[in-house]
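Hello,

Here is the structure I said I would pass on. Please open it first, then read my notes beside it.

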Amino acid sequence: MALPSPPPARVFAELLPAPAPAPAPSGREVHVSGSAELSAGPDRARVSLRLGSRKEAAGAARSSVARRLEYIAQSARQRGVPVCIIFSDFGKMQNVCNLLIEKLGTSVTISPPHFYHTPEAVDTLRRQVCVAAVGNTRRKAQEVCRLFGQSLGKPLLIREEETKEWGGHTDSCLSNSPDSLTLQERIQNATAYASCRVFAVFEIKGKQNRRNKLL
């Protein structure tokens, strides 16, 4: 008995879009991280004054305090210090306080200075430490490339990974320093510190030329 003939063959075909070309390699790169730490001393100091006077009549006492207060303001004006007694020149601050104690004696009480940072000073410190970290990172990348006879190219990525701040006082922060501390010790206690770590990717251009090697 003859076998039945096989069914006709069927061919399935599908047209696919041409594959997209693979992206060109980005070239050689160097990946490095760097950090920096900076400090900034306080840029302002605040001093509190308390005046007192003992007189037989209340009016005479008030008048005496008013005259002493005017003398304090006049002494500050003559030395280019704001009358609100917020100092940016710590040398002038010390001179004015010493003068008031000498002239007014026990009728005036001057608190130890409270040193602090203005917001502008804190922002400046943050910017400076970030820029310093970027500079250190770039120098590290240059040294790596120089080690292998290569030349550093442009930055492809710069990312700030971590920042830290510690120490320092602000205008609203009350100083807990004991009265026995010296002026320099108070300034040191109010010094602000900041650190920053940066990650960066730089392009490697190629071998250094002879002149660069000589330099």
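**What I found**

Start with one charged pair: Arg-159 and Glu-161 form a salt bridge, with their closest N and O atoms 3.3 Å apart. Please keep in mind that this is a predicted model.

How exposed are these two residues? Arg-159 is partly exposed, because its relative accessible area is 38%. Glu-161 is partly exposed too, with a relative accessible area of 40%.

Glu-161 has another partner. Arg-197 forms a salt bridge with Glu-161, and here the closest N and O atoms are 3.5 Å apart. This pair links distant parts of the chain. Arg-197 sits in strand β8, Glu-161 sits in strand β7 (residues 150–167), and 36 residues separate them. Arg-197 has a relative accessible area of 34%, so Arg-197 counts as partly exposed.

Arg-197 also meets Glu-162. Their side chains form a salt bridge at 2.7 Å, N to O. Glu-162 lies in strand β7 and Arg-197 in strand β8, so this pair ties together parts that are 35 residues apart in sequence. Glu-162 is partly exposed, at 32% relative accessibility.

Now put these pairs together. Through shared partners, the salt bridges join Arg-159, Glu-161, Glu-162 and Arg-197 into one network. The structure holds six salt bridges in total.

**The sheet around the network**

Which strands form the open sheet, and in what order? Three strands form it, in the order β1-β8-β7, and the pairing is antiparallel. Why is one side of β1 and of β7 left without a neighbour in the sheet? β1 (29–40) and β7 stand at the edges and have a single partner strand each, so one side of each has no neighbour there. From one strand to the next, the twist averages 20°.

Look at β7 and β8 side by side. They run antiparallel, and 14 bridges join them. For one point on this pairing, find Thr-163, which stands opposite Cys-196 in β8.

A helix belongs in this picture as well. Helix α3 (residues 119–147) lies across β1, β7 and β8. It runs at about 145° to β1.

**One residue in β8**

Next, select Ser-195. It lies in strand β8 (residues 192–207). Is Ser-195 buried or exposed? Its relative accessibility is 16%, so Ser-195 counts as buried. The cut-off for buried is under 20%.

What does Ser-195 touch, leaving aside its neighbours within four places in sequence? Its contacts are Ala-36, Glu-37, Val-129, Glu-162, Thr-163, Lys-164 and Trp-166. You have already met Glu-162, in the salt bridge with Arg-197.

**Aromatic pairs**

How many aromatic pairs does a search of the whole structure find? It finds two.

One is Phe-90 with Phe-115. Their ring centres are 4.8 Å apart and their planes stand at 75°, so the pair is edge-to-face. Planes over 60 degrees apart count as edge-to-face. This pair links distant parts of the chain: Phe-90 is in helix α2 (residues 90–104), Phe-115 is in strand β6 (residues 114–116), and they are 25 residues apart. Phe-90 counts as buried, at 17% relative accessibility. Phe-115 counts as buried as well, at 2%.

The other is Trp-166 with Tyr-193. This pair is stacked, at 5.8 Å centre to centre with 10° between the planes. Trp-166 is in strand β7 and Tyr-193 in strand β8, 27 residues apart, so to speak of the pair is again to speak of β7 and β8. Trp-166 is partly exposed, at 36% relative accessibility. Tyr-193 is partly exposed too, with a relative accessible area of 23%.

**The whole protein**

Now zoom out. The secondary structure comes to five helices and eight strands. Along the sequence, they follow the pattern β-β-β-α-β-α-β-β-α-β-α-β-α.

The protein has 215 residues, and 29% of them count as buried. Its accessible surface comes to about 15,200 Å², and 54% of that belongs to carbon and sulfur atoms. Take the contacts between residues at least 6 apart in sequence: 83% of them join residues at least 24 apart.

Best wishes

Methods. Residues are numbered from 1 along each chain as its sequence is written. This is a predicted model: local features need pLDDT of at least 70, side-chain atom pairs count only at pLDDT 80 or more; totals for chains, interfaces and linings use all residues. Side-chain values use heavy atoms; hydrogens and water are left out. Helices (H or I, at least four residues) and strands (E, at least two) are DSSP runs, numbered from the N terminus. Buried means under 20% relative accessible area, exposed over 50%, partly exposed in between (1.4 Å probe, protein chains only). Contact means heavy atoms within 4.5 Å. A salt bridge is a side-chain nitrogen of Lys or Arg within 4 Å of a carboxyl oxygen of Asp or Glu. Rings of Phe, Tyr and Trp (its six-membered ring) pair if their centres lie within 6.5 Å; planes under 30 degrees apart count as stacked, over 60 as edge-to-face and the rest as tilted. Accessible areas come from the Shrake-Rupley method with a 1.4 Å probe; for residues, only the protein chains shown count as cover. Two strands pair if DSSP finds at least two bridges between them. Axes are lines fitted to C-alpha atoms, for helices over the stretch in contact, and angles run from 0 to 180 degrees between N-to-C directions.
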